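Q: I would like a close look at one part of this model, set against the rest of the chain. Please explain the terms as you go.

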Amino acid sequence: MGFSAYLRLMRAGYVLAREGALSMISTQGLPPALAPLRAGLWLGRLIERPAVRRTGHVERLNKALNLLGPTYVKFGQTLATRPDVVGIDIATDLAGLQDRMDPFDAALVPAILLAALGEKAGELTELSAPIAAASIAQVHRARLVPAQGLPRTVAVKILRPGVQARFMADIESFYAAARFADRFLASTKRLRPVEVVETLDRSARLELDLRLEAAAISEMAENIKDDTGFVIPSVSWDQVAQNVLTTSWVEGIPIRNHDALDAAGVDRRLLAANLLQSFLRHAIRDGFFHADMHPGNLFADPANGDIIAVDFGIMGRINRRERRFLADILYGFITRNYRLVAQRHFDIGYVPKDQSVDDFALAIRSIGEPLHGRTASDISMARVLGQLFAITDLFAMQTRPELVLLQKSMVLVEGVARALDPDLDIWTVAEPVVGDWLRKEAGPMGQIESLGEHFKVIAEAAGRVPVILAQAELALADYHKAKSRHHDPLMRWSLLGLTGIAGVTLLAVLWRVLILTT
């Protein structure tokens with residue numbers, strides 16, 4: 001970790017202080033161990049520009065983080081998904097960050113395309129000026145004229161030149177700050193600063209390879225091929241590289257433009273219900289969902305009211321066990337079965353066994369009951385999340401990283417749907433998707449799929465047994481050789497150990513089969 005990392009941190013601190021971003025951090029209630037932080041915040045406020053005090057927190061953050069560059073914008077957006085770390089109020093402010101930057105020089109684009117795509121770059125013609133520019137990439141409209149096939153209009157997404165090198169330099173300074181806090185500020189350990197930086201590191205590295213975004217579009221297209229009401233662009237694979245992504249051009253009304261939707265005769269109530277149900281269908285049925293469904297990435301087709309989604313750089317994935325957990329939790333809230341909600345938290349191991357299921361169910365009831373019979377306009381998801389995190393702390397429930405992105409995405413989708421239809425009844429809209437999936441899971445096909453997954457685990461475990469037995473045979477041969485020379489008790493115990501491992505593995509497989517067939 002070079003000294004330059006700390007210099008970059010010092011510059012970042014100066015910019016944040018100068019632009020007034022430090023004012024969003026309250027010093028009230030800070031423990032004595034964080035007294036240096038209180039002093040640092042006080043000093044930082046001294047160099048704050050007076051003009052920024054007339055703006056809100058989000059505006060200050062936007063200005064400061066965009067001045068610092070793409071990595072800091074992504075860092076702020078990542079923290080918005082971690083209310084368990086930064087607190088619900090700061091996470092709410094961070095969720096308002098807008099990832100918009102000036103485009104890079106359009107004169108560089110032809111050379112970038114040629115280097116990335118080779119001769120296939122020549123098939124992209126009539127390249128427009130940038131129509132959207134963010135911290136990592138910008139988008140152009142173009143005409144694709146393939147050697148075979150019909151010409152068509154496409155969207156070309158291009159990474160900013162030098163963004164990877166900039167990211168690597170910035171992330172080094174983030175790790176330096178996180179490790180410093182982890183080592184010297186004991187009170188920050190529970191916030192897991194290194195883990196927060198690792199989350200940013202992973203997500204940004206994925207976004208920096210547009211081939212992975214193309215693959216995400218392809219996977220989602222397979223998942224939704226028989227669905228209606230939700231449309232995504234298609235990929236032109238010949239024009240895809242690590243820093244270039246080409247997809248079909250989509251036309252629609254921005255979902256945030258309510259006046260245009262009304263003028264086109266689009267039913268906003270149906271649009272809101274379709275959006276919420278589509279997201280739940282992707283998450284619960286497929287376990288693979290668009291995790292950045294903010295209004296800028298969503299459009300409506302005025303012809304039929306379909307939702308059109310773009311920008312698949314951030315995707316979420318949950319396994320079958322977590323999908324069943326999510327469905328049971330939602331269905332428990334829908335049917336007001338709070339005991340089911342509580343029990344599922346214990347079954348999956350999210351709440352320690354030494355806690356009371358009944359007490360946890362009572363705490364869940366205190367959240368769920370006020371929600372029923374109310375419209376979306378009466379429900380604050382921020383407040384609900386705040387209550388959930390308070391309960392999490394009360395019952396020593398561990399944060400589940402695999403569900404954090406899902407939680408953030410659900411709040412985002414709920415917010416967009418609420419804006420479209422303030423009278424949306426979330427539970428009534430969610431029931432068909434959640435209920436149908438649970439009924440399918442309980443039916444014969446669901447049981448067969450579940451059994452197939454269990455047998456896959458069994459087969460993998462059984463596949464390790466021959467290897468263990470082969471190692472035991474080798475050990476036996478070595479034992480006999482050693483025994484012919486001298487008595488070796490260590491060799492004997494090693495042989496017994498390997499044989500025992502093989503036996504235990506076989507017993508575990510047989511026990512698993514017995515459980516599944518009874």
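**Two loops and a helix pair**

A: E126 is found in the loop between β1 (124-125) and β2 (132-133), where strands are DSSP runs of E at least two residues long, helices are runs of H or I of at least four, and both are numbered from the N terminus. The model is a predicted one, in which local features need pLDDT of at least 70 and side-chain atom pairs count only at pLDDT 80 or more, while totals for chains, interfaces and linings use all residues. Residues are numbered from 1 along each chain as its sequence is written, and side-chain values use heavy atoms, with hydrogens and water left out.

Most residues other than glycine have a negative phi. E126 is not a glycine, yet its phi is positive, at about 55 degrees. E126 is exposed, with a relative accessible area of 63%; here buried means under 20%, exposed over 50% and partly exposed in between, with a 1.4 Å probe and protein chains only. R336, also a residue other than glycine, has a positive phi near 60 degrees, and it lies in the loop between α13 and α14. At 42% relative accessibility, R336 counts as partly exposed.

The part to examine closely is helix α14. Helix α14 covers residues 338-347 and packs against helix α15 (residues 357-368) at an angle of about 125 degrees, with the axes 8 Å apart; the axes are lines fitted to C-alpha atoms, for helices over the stretch in contact, and angles run from 0 to 180 degrees between N-to-C directions. The two helices are therefore oblique to each other, since angles under 35 degrees count as roughly parallel, over 145 as roughly antiparallel, 65 to 115 as roughly perpendicular, and the rest as oblique. The contact (heavy atoms within 4.5 Å) is made on the α14 side by Y338, R339, V341, A342, Q343, H345 and F346, and on the α15 side by V357, D358, F360, A361, I364, R365 and G368. By character, the residues of this contact divide into eight nonpolar, three polar and three charged, where Ala, Val, Leu, Ile, Met, Phe, Trp, Tyr, Cys and Pro count as nonpolar, Asp, Glu, Lys and Arg as charged, and the others, Gly among them, as polar.

Within α14, the residues Y338, L340, V341, A342, H345 and F346 are buried, and what covers the buried residues of this helix includes α13 (320-335) as well as α15. Helix α14 is followed by G349, whose phi is positive, near 90 degrees.

Elsewhere in the chain, two buried helix residues can be set beside this picture. L276 sits in helix α12 (residues 268-286) and is buried, with a relative accessible area of 7%. Leaving aside neighbours within four places in sequence, L276 is in contact with V413, L424, I426 and V429, and its C-alpha is 9.8 Å from that of R418, although 142 residues separate the two in sequence. D170 lies in helix α8 (residues 163-184) and is buried as well, with a relative accessible area of 4%; with neighbours within four places again set aside, D170 is in contact with R8, L68, T71 and Y72.

For the chain as a whole, there are 20 helices and 11 strands, and buried residues make up 42% of its 518 residues. Among contacts between residues at least 6 apart in sequence, 69% join residues at least 24 apart.
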